[in-house]
Amino acid sequence: MSTRKKTMLMMFADYAECLIWQLLGLFILSWMLKFSWGDAAYSLIFCIVFFSHIYSRAHRAAKRDSHYKDLRRTPAEGLLLATPLAVFNLLLIVIFALIQKNIIPIRNIVITTTYSFPDNEPRIATDILLIDYLSIFVRFWFGMLAGFIKEKLSWSLLLLVPLLTALGGFLGYFAGRKKYYFSETLVKTITKVKDKFNE
């Protein structure tokens, strides 16, 4: 398997790792969710975590490619590396949007019916629809946006994930080609700030 294909596959592994981090984050950062700004902060943190995973993967690919003098790769290579993951997520979003708009007419399929028995009243039947199960899966898969998603799940908001994927791939590869390291810039900035305070 070529290194390019491995990098593309590893982006899917990075996505899965981010899903695990998001689940752990629900427990670790549960205190944060009690505040009005907590949901948005949770999503912002995990969007940054996801972006940094894709950015790092593309950065490493550019660094590796720079060792081969015969390779003529442009910064757009980062977009190509991120394309399979971005397209996969776009397909999920399109399918979900078509089901949500009932263009694919399976939204109202009843999966199961539950009954509740209030005191001294007839039983109440509640239908659980296919869209309810799909919404749970979509909320999980795009969990980094959980804090931005309100009651109704909007497919347009989900487009942030493919956008972050493409942006992370492009910027990571571009920075890797230019041998730019964000960590070095951060350390230099912190050092400058410390020096200003110590004057």
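Me: Buried means under 20% relative accessible area, and over 50% means exposed. In this predicted model, is tyrosine 15 buried or exposed?

Reply: The relative accessibility of tyrosine 15 is 2%. The cut-off for buried is under 20%. Since 2% falls under that limit, tyrosine 15 counts as buried.

Me: Thanks! Stepping back, how many helices and strands does the protein have?

Reply: Starting at the N terminus, the elements follow the order α-α-α-β-β-α-α-α-α. Counting them by kind gives seven helices and two strands.

Me: What share of the 199 residues counts as buried?

Reply: The accessible surface of the protein is about 12900 Å², with 68% of that belonging to carbon and sulfur atoms. As for the residues under the cut-off, the buried share of the 199 is 32%.

Me: Among contacts between residues at least 6 apart in sequence, what percentage joins residues at least 24 apart?

Reply: One pair of this kind of separation is arginine 57 and glycine 176, which are 119 residues apart in sequence, with their C-alpha atoms 9.9 Å apart. That pair is given here by its C-alpha distance. For the contacts themselves, the part joining residues at least 24 apart is 66%.

Me: How are the rings of tyrosine 15 and phenylalanine 50 arranged in their aromatic pair?

Reply: The protein has ten aromatic pairs. In the pair of tyrosine 15 and phenylalanine 50, the centres are 5.3 Å apart and the planes make an angle of 85 degrees. Angles over 60 degrees get their own name, so this pair is edge-to-face.

Me: How many residues apart in the chain are tyrosine 15 and phenylalanine 50?

Reply: Tyrosine 15 sits in helix 1 (residues 3-28), while phenylalanine 50 belongs to helix 2 (residues 38-65). The pair therefore links distant parts of the chain, and its separation is 35 residues.

Me: Is phenylalanine 50 buried or exposed?

Reply: Phenylalanine 50 has a relative accessibility of 0%. Buried needs a value under 20%, so phenylalanine 50 counts as buried.

Me: Phenylalanine 88 and tryptophan 141 form an aromatic pair too; which helices does it tie together?

Reply: This pair is edge-to-face, with 5.9 Å between the centres and 70 degrees between the planes. Its two residues are 53 residues apart in sequence. Phenylalanine 88 lies in residues 76-100 and tryptophan 141 in residues 130-141, so the pair ties together helix 3 and helix 4.

Me: Which residue of that pair counts as buried?

Reply: Phenylalanine 88, at 36% relative accessibility, counts as partly exposed. Tryptophan 141 has 16%, and buried means under 20%. The buried one is therefore tryptophan 141.

Me: Which residues form the aromatic cluster?

Reply: The residues of both pairs we discussed belong to it: Tyr15 and Phe50, along with Phe88 and Trp141. Two others complete the cluster, which is made of Tyr15, Phe50, Phe88, Trp141, Phe12 and Phe137.

Me: Which helix gives the most to the largest nonpolar core?

Reply: This core has 34 residues, of which Tyr15, Phe50, Phe142, Met144 and Leu158 touch the most other members. At least two residues each come from helix 1, helix 2, helix 3, helix 4 and helix 6 (160-177). With nine residues, the one giving the most is helix 2.

Me: Which helix supplies the largest share of the nonpolar surface patch?

Reply: The patch covers about 830 Å² and includes Ile20, Trp21, Leu24 and Phe140. Leucine 24, one of its members, is partly exposed at 39% relative accessibility. Seven of the patch residues come from one element, helix 1.

Me: Which residues does arginine 57 touch, not counting those up to four places away in sequence?

Reply: Arginine 57 is found in helix 2. Its relative accessible area is 16%, so it is buried. Beyond its sequence neighbours, the residues it touches are Thr7, Met10, Met11 and Asp14.

Me: One last thing: what is the phi of asparagine 102?

Reply: Most residues other than glycine have a negative phi. Asparagine 102, in the loop between helix 3 and strand 1 (110-116), is partly exposed with a relative accessible area of 29%. Although asparagine 102 is not a glycine, its phi is positive, at about 65 degrees.

Definitions and conventions: Residues numbered from 1 in each chain as written. Predicted model: local features only at pLDDT ≥ 70, side-chain atom pairs only at ≥ 80, totals over all residues. Heavy atoms only, no water. Phe/Tyr/Trp six-rings, centres within 6.5 Å; stacked < 30°, edge-to-face > 60°. Helix = DSSP H or I, 4+ residues; strand = E, 2+ residues; numbered from the N terminus. Buried < 20%, exposed > 50% of the residue type's maximum accessible area, 1.4 Å probe, protein only. Patch = residues over 30% accessible without salt bridge, like charges linked within 9 Å, V, L, I, M, F, W, Y side chains within 5 Å. Areas by Shrake-Rupley, 256 points an atom, 1.4 Å probe, with all protein chains shown as cover. Salt bridge = Lys/Arg side-chain N within 4 Å of Asp/Glu carboxyl O. Core = buried A, V, L, I, M, F, W, Y, C linked by side-chain atoms within 4.5 Å. Contact = heavy atoms within 4.5 Å.
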